[in-house]
Amino acid sequence: MSRATIRRNVHFLDGENNEILGFWQNGSVSWSQIAGWMHIVITLPSAQYAVFRCLESGNPENPATNHGPSVNLSGNNNAVHPGYYVVLSANGEPLDIPITEERAIPRSMSYYLSNPDPRIAAFRRRVRERDNCCVVTGTRAPPDEYTGFEAAHIFPVAHLDLWRSGQWSQRIEDDFHDVDDSKIHSVQNGILLASHAHAYFDKYRIAINPDDNFKITSFVEEYFGFDGRYMVLSNNPQHYQPLRSLLKYHFRMAVLCNMKARGPEYDWDEDIPPGMDPVAEISNSKEGKIRFELVMAERLNPLVD
């Protein structure tokens with residue numbers, strides 16, 4: 001028997017009583033959403049497995065034999081109740097549940113407030129002018145006052161190589177004359193966020209699903225009321241709106257990051273107070289080499305693009 005060490009209130013077990021998936025239910029996640037998430041993280045066809053509610057109170061000891069009937073996932077808009085569930089074959093027999101090896105691409109907090117690069121300055125200005133509010137909370141920015149509001153890249157600049165190999169620029173329809181050659185600084189790759197929402201977005205704690213009417217999901221316990229809201233969209237032409245496929249990609253990364261048994265793969269402390277050595281803090285953190293390379297790429301890629 002194994003359990004995840006992170007804080008969750010929904011747990012999915014296999015027939016051997018090992019936790020394989022989970023998340024924190026803040027109230028808005030339905031079973032139909034879970035069906036989509038499982039399609040991302042479980043490599044079996046969905047017809048080969050089913051979800052059953054564990055009947056034992058508390059932490060189950062025999063989920064493979066002590067469970068209720070299967071839960072209908074498809075088209076089920078009922079909210080998932082916190083608790084333990086077991087994933088078995090469609091007829092209730094223990095089944096090996098293979099989990100995808102795909103991992104979320106790591107992100108670090110992205111700040112460009114003082115970056116002199118004209119492309120980033122144009123990106124920031126255009127995102128502000130289009131959205132004029134935090135698209136997650138709906139809080140409007142005062143006229144010409146954006147303190148506490150940040151223009152966030154949906155696809156991180158640190159992964160310019162993946163942006164290019166994925167040919168994302170070919171999907172950008174933005175016709176602004178000063179957009180960069182790679183188009184990673186297009187307004188279609190940006191959204192305006194309040195600083196706390198930006199932190200949650202960059203760390204995959206929240207994500208926006210364009211296939212669910214741009215619904216916002218919080219994958220962890222949170223106290224800001226992000227979960228269950230809907231993204232605020234401006235009235236601008238489609239070719240200046242955030243690209244749906246980029247938001248969908250970020251949502252997929254958030255599912256991969258949060259649903260697996262081990263929980264978030266890259267959960268770094270971004271609070272480095274003045275007087276501390278930021279390089280030492282980064283390099284000594286968990287998976288410090290990845291984090292260091294990510295931070296360096298984020299700072300250098302705008303110079304070489």
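**Exercise 1. Cysteines C133 and C134**

Work out why C133 forms no disulfide in this predicted model.

*Solution.* Start with the bond itself: a disulfide is a covalent bond between the sulfur atoms of two cysteines. Next, find the partner candidate. The cysteine sulfur closest to that of C133 belongs to C134, and the two are 6.9 Å apart. Now compare with the cut-off, which asks for sulfur atoms within 2.5 Å. The distance of 6.9 Å is too far for a bond, so C133 stays unpaired with C134. Turn to the other side of the pair: C134 is in no disulfide either, its nearest cysteine sulfur being that of C133. Finally, widen the search to the whole structure, and the count of disulfides is zero.

**Exercise 2. The surroundings of the two cysteines**

Decide whether C133 and C134 are buried or exposed.

*Solution.* The threshold you need is that buried means under 20% relative accessible area. C133 has a relative accessible area of 1%, so this cysteine is buried. C134 comes out at 0%, and therefore C134 counts as buried as well.

**Exercise 3. An open sheet and its helix**

Trace the strand order of the five-stranded open sheet, then place helix α1 against it.

*Solution.* Reading across the sheet, the order is β2-β1-β5-β3-β4, and the pairing is mixed. At the edges sit β2 (19-23) and β4 (67-71), each with a pairing on one side only. From one strand to the next, the twist averages 30 degrees. Now look inside the sheet. Strand β1, residues 10-13, pairs with β5, residues 83-88, in the parallel sense, and four bridges join them. In this pair, V10 stands opposite G83 of β5. Last comes the helix: α1, residues 31-41, packs on the sheet and touches β1, β2, β3 (50-54), β4 and β5. The direction of α1 makes about 135 degrees with that of β2.

**Exercise 4. D174 and its partners**

Locate D174, judge its burial, and list its side-chain polar contacts.

*Solution.* First the location: D174 belongs to the loop between α3 (160-165) and β7 (190-194). Then the burial: its relative accessible area is 5%, so D174 is buried. For the polar contacts, the side chain of D174 meets the side chain of R126 at 2.7 Å. A further polar contact links the side chains of D174 and S186, at 2.9 Å. To complete the picture, leave aside residues up to four places away in sequence; D174 then touches R126, V179, S186, V187, Q188, H239 and Y240.

**Exercise 5. Positive phi in the α3-β7 loop**

Examine the backbone of Q167 and K183, and say how exposed each residue is.

*Solution.* Keep the background in mind: most residues other than glycine have a negative phi. Q167 has a positive phi, near 55 degrees, and lies in the loop between α3 and β7. With 44% relative accessibility, Q167 counts as partly exposed. K183 is also placed in the loop between α3 and β7, and its phi is positive too, near 70 degrees. Its relative accessible area is 24%, so K183 is partly exposed.

**Exercise 6. The chain as a whole**

Summarise the protein chain by its helices and strands, burial and contacts.

*Solution.* Begin with the elements: the chain has seven helices and nine strands. Of its 305 residues, 53% are buried. For contacts between residues at least 6 apart in sequence, 68% join residues at least 24 apart. To finish with the surface, the chain exposes about 14400 Å², and carbon and sulfur atoms supply 50% of that area.

Notes:
Residues numbered from 1 in each chain as written. Predicted model: local features only at pLDDT ≥ 70, side-chain atom pairs only at ≥ 80, totals over all residues. Heavy atoms only, no water. Pairing = 2+ DSSP bridges. Helix = DSSP H or I, 4+ residues; strand = E, 2+ residues; numbered from the N terminus. Axes fitted to C-alpha atoms, helices over the stretch in contact; angles between N-to-C directions. Contact = heavy atoms within 4.5 Å. Buried < 20%, exposed > 50% of the residue type's maximum accessible area, 1.4 Å probe, protein only. Areas by Shrake-Rupley, 256 points an atom, 1.4 Å probe, with all protein chains shown as cover. Polar contact = N/O pair within 3.5 Å; in protein donor to acceptor, adjacent residues only side chain to side chain.
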